[in-house]
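Reader: Pick one part of this model and take me through it closely. Then tell me how it sits with the rest.

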Amino acid sequence: MRGWRPATEEALYGPRGFYRRPEGPAGHFRTSVHASPLFAEAVARLLLLVDEALAHPAELAFVDLGAGRGELVGGVLKALPAEVASRARGYAVERAARPAGLDHRVEWLPEPPAGVTGLLFANEWLDNVPVDVAEVDAHGVPRRVLVDAAGTECLGEPVEGADARWLERWWPLTGAPGGPLPAEGLRAEIGLPRDTAWASAVAALGRGLAVAVDYGHDAGARPPFGTLTGFREGRETAPVPDGSCDLTAHVALDACALPGGRLLSQREALRTLGVSGGRPSLALASTDPAAYVRALAGAGEAAELTARGGLGDFGWLTQPVGIPNPLAPAPVPETKQPSP
C-alpha cells in the first residue's frame, strides 16, 4: 500500500493512466470548455485585456495548462480578432500525446514554456495535481491514508514535516491545546503539492496574467471528510487508483494564492467578461425568429456557465505578473470635498 499521492500519479499519468486513454477527459466528464463555446470566447476577451495591459507585444502567448485535447486553446485562437491572432501563439501543456487535427498554430508541450508574455490559463488542472490524504485516528493524530490498487485504505504513519505545517496553517485536524481531541475519521487533502505546482506555473510567465479555475473551498468552509472522488463516463464513482477513472479532489485555492492574487467566482469573472444568462428580448422573436432562437440557446449556455450550485461556483484565482490585474474591480473615483 502507498499514499494517495503516488497512487494517483500512476493512475492518472502512468503508462496506462486515465489521462493517456484515447477518449480524453471529454469522454468522462463535462467542463466549462465542453459546456459552451462562450467559455473560450470569454477567455479570448480576457486575453485581449491582457494584450492591452501589455501594450500589444509583438508575440502574445496563450498557455492552456492541463489542455486535455486542446479544446480551449483552439477555441481561444479561433475567437481572436485577426490583428491579435496574427501575433498570438498558442501553447497546450499536457502529458498525453498531441491529438490529431489540432490547430497547427498550437505548440504541444509537457511543461509550461518559460518566460512568455501573455495569459496562462489552467482550467480544472489543479484538482488533478495528486495530493496525499490525512485522517484522524482514534487518538486524535492525523495519519497519512494508504491505499491499494483496489481502493482499499488503511492508516499509515503520522503526518509530519512540511505536510503537517501545511495542515496546521490551511486545514487544521488537531485540537486546540488543552481542548478536546479532534473527532476520529476527520479527513483532509494535503494541498502543498498544488501550492508548489501553481507557484512554478506562475514563475514560468515572464509578464501577463495567470489564472487557475477549479472547484474548491476556503479556510472558513473546509469539508470535514475531504472531497476525494472518482469520475467515470460522466458519473461520480468510488475513487480507485487503477487507471479506470478520473481521481480528483477540490482545491484549497486560498492556499495556492501568491501575493497579489485575487479570488473570485466564475460567475463574477464571466459576467465581467460579457457572459450573461439573460433571456433575449421577445421583440426579436417577431422580427428575426432565427436570431431569437440562437440568442435563446446562447442564454441557456451562459446560464449553465454561471449557475449557482454549478459551474458558476467554480473559483478563479487570478495572479498578475508585472501588469495590473485585468479582472480586479475598478477603483472607486474619489469624491471631491466641498471647500470649507
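Author: What follows starts with one helix and works outward from there.

This is a predicted model, in which local features need pLDDT of at least 70, side-chain atom pairs count only at pLDDT 80 or more, and totals for chains, interfaces and linings use all residues. Residues are numbered from 1 along each chain as its sequence is written, and side-chain values use heavy atoms, with hydrogens and water left out.

The setting comes first. The protein has 340 residues, and 49% of them count as buried. Buried means under 20% relative accessible area, exposed means over 50%, and partly exposed lies in between, with a 1.4 Å probe and protein chains only. There are 11 helices and 15 strands. Both are DSSP runs numbered from the N terminus: H or I over at least four residues for a helix, E over at least two for a strand. Take the contacts with a separation of 6 or more: 72% of them join residues 24 or more positions apart. A contact here means heavy atoms within 4.5 Å.

The part to look at is helix α1, residues 4-13. Its buried residues are Trp4, Ala7, Thr8, Ala11, Leu12 and Tyr13. An α-helix has 3.6 residues a turn, so residues three or four places apart point the same way. What covers this buried set? Strands do part of it: β1 (2-3), β6 (132-136), β7 (142-147), β8 (153-158), β9 (187-190) and β13 (246-248) are included in the cover.

Now Glu10. It counts as partly exposed because its relative accessibility is 46%. Glu10 makes a salt bridge with Arg2, with the closest N and O atoms 2.7 Å apart. A salt bridge is a side-chain nitrogen of Lys or Arg within 4 Å of a carboxyl oxygen of Asp or Glu. Arg2 also counts as partly exposed, since its relative accessibility is 34%. The count by this rule comes to 14 salt bridges.

One of them involves a strand from the cover of α1. Asp132 pairs with Arg144, their closest N and O atoms lying 3.1 Å apart. Asp132 belongs to β6 and Arg144 to β7, so this salt bridge links distant parts of the chain, 12 residues apart. At a relative accessible area of 11%, Asp132 is buried. Elsewhere, salt bridges with shared partners join Asp51, Glu83 and Arg87 into one network. Within that network, Arg87 meets Asp51 at 2.9 Å, N to O. Arg87 sits in the loop between α5 (82-85) and β3 (88-93) and Asp51 in helix α3 (residues 37-53), so the pair ties together parts that are 36 residues apart in sequence. Both Arg87 and Asp51 are buried.

Next, the empty space. Two cavities reach 30 Å³ or more. On a 1 Å grid over the protein atoms alone, a cavity is a set of points where a 1.4 Å probe fits but cannot get out; a pocket is an open set with protein on both sides within 12 Å along at least five of seven lines; lining residues have an atom within 4 Å of a point. Points join across faces, edges and corners, and the volume is the space filled by probe spheres set on them.

The largest cavity has about 60 Å³. Trp4 and Thr8 are among the residues that line it, and so are Asp127, Arg194, Leu247 and Thr248. The elements giving two or more residues to this lining are α1 and β13. The lining splits into seven nonpolar, three polar and two charged residues. Here Ala, Val, Leu, Ile, Met, Phe, Trp, Tyr, Cys and Pro are nonpolar, Asp, Glu, Lys and Arg charged, and the others, Gly among them, polar. The second largest cavity has about 30 Å³. Its lining includes Trp166, Glu189, Arg194 and His217.

The helix reaches the largest pocket too. That pocket has a volume of about 790 Å³. It is lined by 36 residues, and those closest to its centre are Tyr13, Leu65, Gly66, Trp125 and Val129. Elements giving two or more residues are α1, α2 (32-35), β2 (60-65), α4 (71-79) and α7 (192-203). The largest share, five residues, comes from α7. By type, the pocket lining holds 19 nonpolar, eight polar and nine charged residues.

To pull it together: Trp4 and Thr8 of α1 are buried and line the largest cavity. Tyr13 is buried as well and is among the residues closest to the centre of the largest pocket.
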